[in-house]
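Biologist: I would be grateful for a close look at the second largest pocket of this model. Which residues line the pocket, and which elements supply them?

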Amino acid sequence: MPHDTAMGTSVQGTKKMNANIRQLMRSPLVLPMVGLIVVSVLMGFASENFFSVSNILNVLRQVSINGILAVGMTFVILTGGIDLSVGAVMAFSGTVCAGLIVNMGMPGSVGLAGGLLVGLGLGVFNGILVAWGRMPAIIVTLATMGIARGLGLIYSGGYPISGLPSWIAWFGIGRIGIIPVPVIAMFLIYGLAWVLLERTAFGRHVYSIGGNETAARLSGVKTQRIKLAIYTISGMTSAFAAVILTGRLMSGQPNAGGGFELDAIAAVVMGGTSIAGGRGLIFGTLIGAVLLGILNNGLNLVGINPYLQDVIKGFIILLAIYIGRGERR
């Protein structure tokens, strides 16, 4: 009998372990983590400097702007939407910030607040049209991309606005200890996004809208308000990214951000979030952003043509969407 009891306990333990493994394998984080490890190892073999502390910190600093943009994009995609305006909103926000400080002589705090308000306002604009106007998100945000880009060029006269005070550079290239300020800002924003998505009713509503918007509405979720909130979040994260970019370039660049929406979408889908909505994790997006940054960094280190890098990223997005489509089924 003791032998039989031991055998039964062993079988139960094995079953429990297998169940835990199956549950782990179903996590959206598995494939992004595997991809991150594989690509990191390959890049480590390709370049002996890849795993140096300075290069890792440099990768994270380079990733920070796209990583922050991808936070807002994650909220949007989780509801089954899309935001093509993030790059243009970032450029317009940074241009307004620089213009208020340099051209109008406003205090730096007012300039920063003005840039953030631009992102917030354009996010609200997108949210109202998508939620209450019932217009397709892809069309609304494509139009907003053109509007924001045009307004930025009009405001600046088509030229960069330079002459910012030196302290603005702290947001783009400053450090706290050895950690770049943009990296710290990125992790703080991801932490806040995790709390919103995983520890609040708001986060549950975001997932429910992406899973089945009609069912969510019938169950009492204020779908229009949630959509307004998530597009506002996307506008705000674009504005936060603008502060970092403005500090890095020490100027407001109305033409900045071209193609950044593609990188943000790539980070989200490479991080395991379903493009159809309802499935994904915010830290998966962080992994996706870092993975994309490592790819860019590694390909640069080995001398790959930058135009070819865009082709590679495009195919990676298609592959990630295809894998996510299969998992959703």
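Modeller: The pocket is taken up below, followed by the nonpolar core and the aromatic rings. Please bear in mind that the model is predicted.

The second largest pocket holds about 370 Å³ of space. Its lining is made up of 14 residues, and those nearest the centre are Q62, N66, F260, D263 and N296. Four helices each give two or more residues to this lining: α3 (53–78), α11 (223–249), α12 (260–270) and α13 (282–301). Of the elements, α13 contributes the most, with five residues. Sorted by class, the lining comprises six nonpolar, five polar and three charged residues.

Helix α3 also has a part in the largest nonpolar core, to which it gives the most residues, 13. That core has 64 residues in total, and the members that touch the most other members are Y190, I230 and I294. A residue counts as a member of such a core only when it is buried, that is, under 20% relative accessible area. As a general matter, nonpolar side chains in soluble globular proteins tend to be buried together.

I230 may serve as an example of the contacts involved. Leaving aside residues up to four places away in sequence, I230 touches F75, V76, T79, F202 and V206.

Turning to the aromatic rings, the model has four aromatic pairs when ring centres within 6.5 Å are counted. One aromatic cluster is formed by W167, W170 and F171.

Note on methods: Residues numbered from 1 in each chain as written. Predicted model: local features only at pLDDT ≥ 70, side-chain atom pairs only at ≥ 80, totals over all residues. Heavy atoms only, no water. 1 Å grid on protein atoms, 1.4 Å probe; cavity = no way out; pocket = protein on both sides within 12 Å on 5 of 7 lines; lining within 4 Å. Points joined across faces, edges and corners; volume = space filled by probe spheres on them. Nonpolar A, V, L, I, M, F, W, Y, C, P; charged D, E, K, R; others polar. Core = buried A, V, L, I, M, F, W, Y, C linked by side-chain atoms within 4.5 Å. Buried < 20%, exposed > 50% of the residue type's maximum accessible area, 1.4 Å probe, protein only. Contact = heavy atoms within 4.5 Å. Phe/Tyr/Trp six-rings, centres within 6.5 Å; stacked < 30°, edge-to-face > 60°.
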